[in-house]
Amino acid sequence: MTGTDDRHCRLMQTVQPCDCEGSVTKRLHAALVCKPPCIVANVNVFQAIFLGFLQGLTEYLPVSSSAHIRIFGSLIGCEDPGAAFTAIIQIGTELAVLLYFRHDIARILSHWFRCLFDKNAQGWERFGSKDKDAAMGWYIIIGTLPIVIAGLLFQKTIETNLRNLWIIVCTLAIFGVLLWYFDQRSPQTKREEDMTWKDAIVFGIGQMLALIPGVSRSGGTITFGRAMGYTREAAARVSFLMAIPAVLGAGILEAVKSVGETSDPSFPGWGVTILATIISFVVGYVVIIGFLKLVSTFSYKGFAIYRICLAAFVVLMLVLGVLTPLSGATAA
């Protein structure tokens, strides 16, 4: 028996029959209490639209898209749409970043290659010591290393145990408080061009912590950026740029790997997956525009409060039995 088959058998054993058809009362009971029988995902069109919209809306906000997919995916009756589905719709949101920052990315890449292969460059000039755009390319690479290393070392734990909803509750609340604190207390004196390799490592650590659902990749990097004194807009822009190689690379790799496993029962099919990807791309692009305008004027306080309120909501759902802590982890 393969690992996938064994996982499928364990999932099917956890599904309990529930007599929830018929009356309005029974259907309400099904929505709030009964375990949905689609742990092995069967994503319909409406669920795909919702998950794609949710992914695009929350990917770039400091509120954790993985936590939202985990929480609200369960609430709409689809525990885990599968690694391939999740990875591919994340590619959609990353394509939105590529489109929005296309000029910045082209400039950084051209300067990075020019400095690296310049025959007349001396010493550290190849590494951008006299070129801020080339240096930014190296800073993005440095900031990507922590999440790549940690992701490879702790992949199994990340995909299973860390998806416990009680862990998500804690990370939502704790990083909500940290974001609120540092955003209110830290000065806004640094911009993108002021970054150093030490700052890149700190940004990278913030991004690495986002491997824990509920931390939020953008939330981690923005919080650490504000703690170092970066402006709100600069911290957000660095967060977007630093995510490109990590999220896009991991998304493509996971999608190819998961789709290649034809025995994997969780892949819901290309129709709904492509639909969700398109929606996440469109919504994500709009969110980037609005978010950067918002943080140039207002603080992150609203996002911090939302995180804390969401954590409280999840606690309530867990206490009432509407959500179960490990259902998503089991399905991972």
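Buried means under 20% relative accessible area and exposed over 50%, with partly exposed in between (1.4 Å probe, protein chains only). This is a predicted model, where local features need pLDDT of at least 70, side-chain atom pairs count only at pLDDT 80 or more, and totals for chains, interfaces and linings use all residues. Residues are numbered from 1 along each chain as its sequence is written, and side-chain values use heavy atoms, with hydrogens and water left out.

**View 1. The whole protein, all helices and no strands.** The count is 15 helices and zero strands; both are DSSP runs numbered from the N terminus, with helices being H or I of at least four residues and strands E of at least two. Of the 332 residues, 50% count as buried. Contact here means heavy atoms within 4.5 Å. Take the contacts between residues at least 6 apart in sequence, and 82% of them join residues at least 24 apart. The protein exposes about 15,800 Å², with carbon and sulfur atoms supplying 68% of it; accessible areas come from the Shrake-Rupley method with a 1.4 Å probe, and for residues only the protein chains shown count as cover.

**View 2. The largest nonpolar core, with 36 residues.** A nonpolar core is a set of buried Ala, Val, Leu, Ile, Met, Phe, Trp, Tyr and Cys residues joined through side-chain atoms within 4.5 Å. In this one, the residues with the most contacts inside the core are Phe 101, Met 195, Phe 240, Ile 288, Phe 291 and Tyr 300. Helices H5 (83-100), H6 (102-116), H7 (132-153), H10 (197-208), H12 (232-260) and H13 (270-295) each supply at least two residues. H12 gives the most, with eight residues. Apart from this core lies another, of 13 residues, among them Ala 67, Leu 165, Ile 168 and Leu 323.

**View 3. Phe 291 and its aromatic company.** Not counting residues up to four places away in sequence, Phe 291 touches Tyr 60, Leu 61, Pro 62, Ile 222, Ala 236, Phe 240, Tyr 300 and Phe 303. One aromatic cluster takes in Tyr 60, Tyr 100, Phe 101, Phe 240, Tyr 285, Phe 291, Tyr 300 and Phe 303. Rings of Phe, Tyr and Trp (its six-membered ring) pair if their centres lie within 6.5 Å; planes under 30 degrees apart count as stacked, over 60 as edge-to-face and the rest as tilted. The structure holds 15 such pairs. For Tyr 100 and Tyr 285, the ring centres are 6.0 Å apart and the planes at 65°, so this pair is edge-to-face. Tyr 100 sits in helix H5 and Tyr 285 in helix H13, 185 residues apart. Tyr 100 is partly exposed at 27%, and Tyr 285 is partly exposed at 24%. Phe 240 and Phe 291 also make an edge-to-face pair, with centres 6.1 Å apart and planes at 65°. That pair ties together H12 and H13, at parts 51 residues apart in sequence; Phe 240 and Phe 291 are both buried.

**View 4. Salt bridges, with Asp 104 and Arg 237 up front.** Side chains of opposite charge can pair when their charged atoms come close. The rule used is a side-chain nitrogen of Lys or Arg within 4 Å of a carboxyl oxygen of Asp or Glu, and the count comes to nine salt bridges. In the Asp 104 and Arg 237 bridge, the closest N and O atoms are 2.8 Å apart. The pair links helix H6 to helix H12, 133 residues apart. Asp 104 counts as buried, at 15% relative accessibility, and Arg 237 counts as buried at 15% too. Asp 104, Arg 107, Asp 133, Glu 192 and Arg 237 are linked in a network of salt bridges.

**View 5. Helix H11, mostly covered.** H11 spans residues 217-227, and nine of its eleven residues are buried. Among them are Arg 217, Thr 221, Ile 222 and Arg 226. Gly 229 follows H11 and has a positive phi, near 95°.

**View 6. Ile 76 in the loop between helices H4 and H5.** Ile 76 is partly exposed, with a relative accessible area of 31%. Leaving aside neighbours within four places in sequence, Ile 76 is in contact with Gln 47, Phe 50 and Leu 51. The C-alpha atoms of Ile 76 and Phe 46 are separated by 9.9 Å.
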